[in-house]
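Let's take a walk through this one together, starting with charge and working from the overall build down to a couple of backbone details. Keep the viewer open as we go.

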Amino acid sequence: MKNIRASFGTRMGAIAASVGSAVGLGNIWRFPYQAGENGGGAYILVYLLCVVLLGIPVIMSEFIIGRSTHKNIQGALRQLSPGSKIHYFAYFCVLGAIVICSFYSVVCGWVIEYLYQAATGALAGHGSEDYGRFFADFVGSPVRCVLWTILFLCINFAVMTLGVRRGVEGVSRVMMPLLFVILIVFCANSLMLPGSHKGLDFLFSPNFKALGWEGVVDAMGQAFMSLSLGVAALVTFSSYFSDDTPLMKDAVTIASLDSLVALLAGVLIFPAVFSFGFEPTAGPKLVFEVLPAVFYQMPGGYWWAILFFLLLFFASLTSTISLSEIPITFLTEEFKMSRGLATLCCAVVVIAIATLCALSFNVLSDVTVAGMNIFSLLDFVGSNVFMLLGGLFTAIYVGWFLRKKVIKDQLAVKGRTSSLTYNYVLVCLRYVAPVAILIILYYYVTA
Ligand code: TRP
């Protein structure tokens with residue numbers, strides 16, 4: 001019997017899944033606080049420049065590898081470079097996806113805890129200073145942290161057993177439109193709050209002094225994280241794309257929607273933060289310690305809090321789905337496992353590592369490497385090693401080593417390849433992206 005490989009059902013579904021991958025905690029949690037710390041509009045400008053010069057070309061490099069072969073990352077590299085050892089890069093991607101999925105799920109566990117506490121009403125009614133303690137109490141409790149993380153991962157892997165079309169595509173097609181609706185309702189509300197313009201000024205007026213080189217490097221790293229680059233997530237997804245999808249158009253759509261969500265998250269957060277007189281530069285704590293206090297000062301705070309954490313839940317679930325698809329596709333195709341067994345294997349490994357990460361805030365907080373607990377270590381390795389080195393690899397591989405015919409064929413729309421598109425992708429992959437990534441790595445190594 002011939003094995004028919006899965007594929008996304010529609011182009012819309014393929015885009016929804018890819019946008020689902022891109023839109024995640026990176027957009028709603030990380031981007032706003034980084035913009036807040038790094039000079040608002042200046043950071044946003046640099047970020048958007050990174051999306052155009054690094055993000056879209058590297059998305060294209062992953063799309064070209066995946067769609068030209070319709071295989072998992074290892075099968076794809078074997079087919080494109082037969083006889084070479086390049087396909088070992090697959091192990092790097094699979095490991096990277098597992099590492100990222102593991103620490104990421106811990107934060108998703110926090111989101112479920114907050115959703116639960118918001119729904120029961122227990123999150124409400126604290127004084128604004130108490131949310132710091134609320135958060136510290138929660139992450140200090142091993143049982144709660146671990147249980148929520150595992151619950152999140154069970155939901156994630158339950159979706160994965162449903163397959164590419166019903167699971168990955170089905171969930172994204174429902175959750176992504178809902179996410180946009182929630183986001184827009186929220187932004188409208190934020191903009192109507194008294195004094196909201198102060199938040200917009202803070203977010204959009206460029207303060208280049210506050211940006212500095214560190215901010216520029218952060219913006220580049222953020223582009224990689226936000227667009228899900230480096231560990232073959234988009235190679236895997238694009239292997240399920242149909243052959244007549246215009247790749248460049250889809251890459252631009254995905255990058256634009258992803259950036260739009262990041263900006264809207266800023267519009268949701270800062271006007272509200274300013275309107276109620278809170279500190280906009282709270283950093284990573286912004287979402288878990290400042291926002292709850294903000295919501296409960298608004299009329300209907302009970303619902304706003306629930307809606308916000310629901311938004312984060314949708315965003316993060318579609319992201320971990322894309323991370324899990326990398327090892328699952330790899331195992332089913334390279335090791336001929338059934339999808340169920342592959343999902344189970346990934347689930348066991350990810351749950352084990354994620355549990356260690358969740359415990360690193362409490363019982364394992366003494367276990368540190370280079371001053372970082374397990375969670376921070378995996379976050380650091382995931383963001384700085386896997387995403388960046390992986391992005392460097394795909395950029396150089398497609399830019400310098402892949403046959404030009406493969407690139408041209410994949411860029412073609414109705415049989416024609418625009419030379420502008422081709423040159424833009426190739427120049428960015430050959431020169432701009434490698435140089436930029438090496439700068440970031442140099443910065444991290446010497447900092
Ligand atoms: N892009 C997601 C975010 O912004 C995170 C993510 C999902 C990711 N899949 C990925 C990051 C694959 C790197 C690689 O939150």
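**Charges first, then the fold**

Colour the side chains by charge and you'll find 26 positive and 22 negative ones in the protein, with the centres of the two sets 15 Å apart. Bear in mind throughout that you're looking at a predicted model.

Now zoom out to the whole chain. The secondary structure amounts to 18 helices and two strands. The radius of gyration is 21 Å, close to the 22 Å that the globule rule gives for 447 residues, so the protein is as compact as a globular protein of that length. If you line the C-alpha trace up with its principal axes, it spans about 65 × 45 × 45 Å.

How much of the chain is buried? Of the 447 residues, 59% count as buried. As for the outside, the protein exposes about 17,400 Å², and 68% of that comes from carbon and sulfur atoms. The contact pattern is worth a look too: take the contacts between residues at least 6 apart in sequence, and 82% of them join residues at least 24 apart.

Let's go inside. The largest nonpolar core has 170 residues, and the members that touch the most others are F8, F63, W110, L179, F288, F308 and F309. Which helix gives the most to this core? That would be α5, spanning residues 89-120, with 20 residues.

F308 makes a handy spot to centre your view. Setting aside its neighbours within four places in sequence, this phenylalanine is in contact with I28, F186, L268, V287, L291 and F295. Show those side chains together and you can see which parts of the sequence meet at F308.

Finally, a bit of backbone. Most residues other than glycine have a negative phi. Against that background, two residues deserve a click.

One is H70, which isn't a glycine yet has a positive phi of about 55°. You'll find H70 in the loop between α3 (41-69) and α4 (73-80). Is H70 buried, exposed or partly exposed? Its relative accessibility is 24%, and because buried means under 20% and exposed over 50%, H70 counts as partly exposed.

The other is K414, also a residue other than glycine, whose phi is positive and near 50°. K414 is located in the loop between α17 (404-411) and α18 (419-446). With a relative accessible area of 83%, K414 is exposed, because the cut-off for that is over 50%.

How values were computed. Residues are numbered from 1 along each chain as its sequence is written. This is a predicted model: local features need pLDDT of at least 70, side-chain atom pairs count only at pLDDT 80 or more; totals for chains, interfaces and linings use all residues. Side-chain values use heavy atoms; hydrogens and water are left out. A nonpolar core is a set of buried Ala, Val, Leu, Ile, Met, Phe, Trp, Tyr and Cys residues joined through side-chain atoms within 4.5 Å. Buried means under 20% relative accessible area, exposed over 50%, partly exposed in between (1.4 Å probe, protein chains only). Helices (H or I, at least four residues) and strands (E, at least two) are DSSP runs, numbered from the N terminus. Contact means heavy atoms within 4.5 Å. The radius of gyration is taken over C-alpha atoms; the globule rule is 2.2 Å times the number of residues to the power 0.38. Accessible areas come from the Shrake-Rupley method with a 1.4 Å probe; for residues, only the protein chains shown count as cover. Lys and Arg count as positive and Asp and Glu as negative; His and the chain ends are not counted. The place of a charge is taken as NZ of Lys, CZ of Arg, CG of Asp or CD of Glu.
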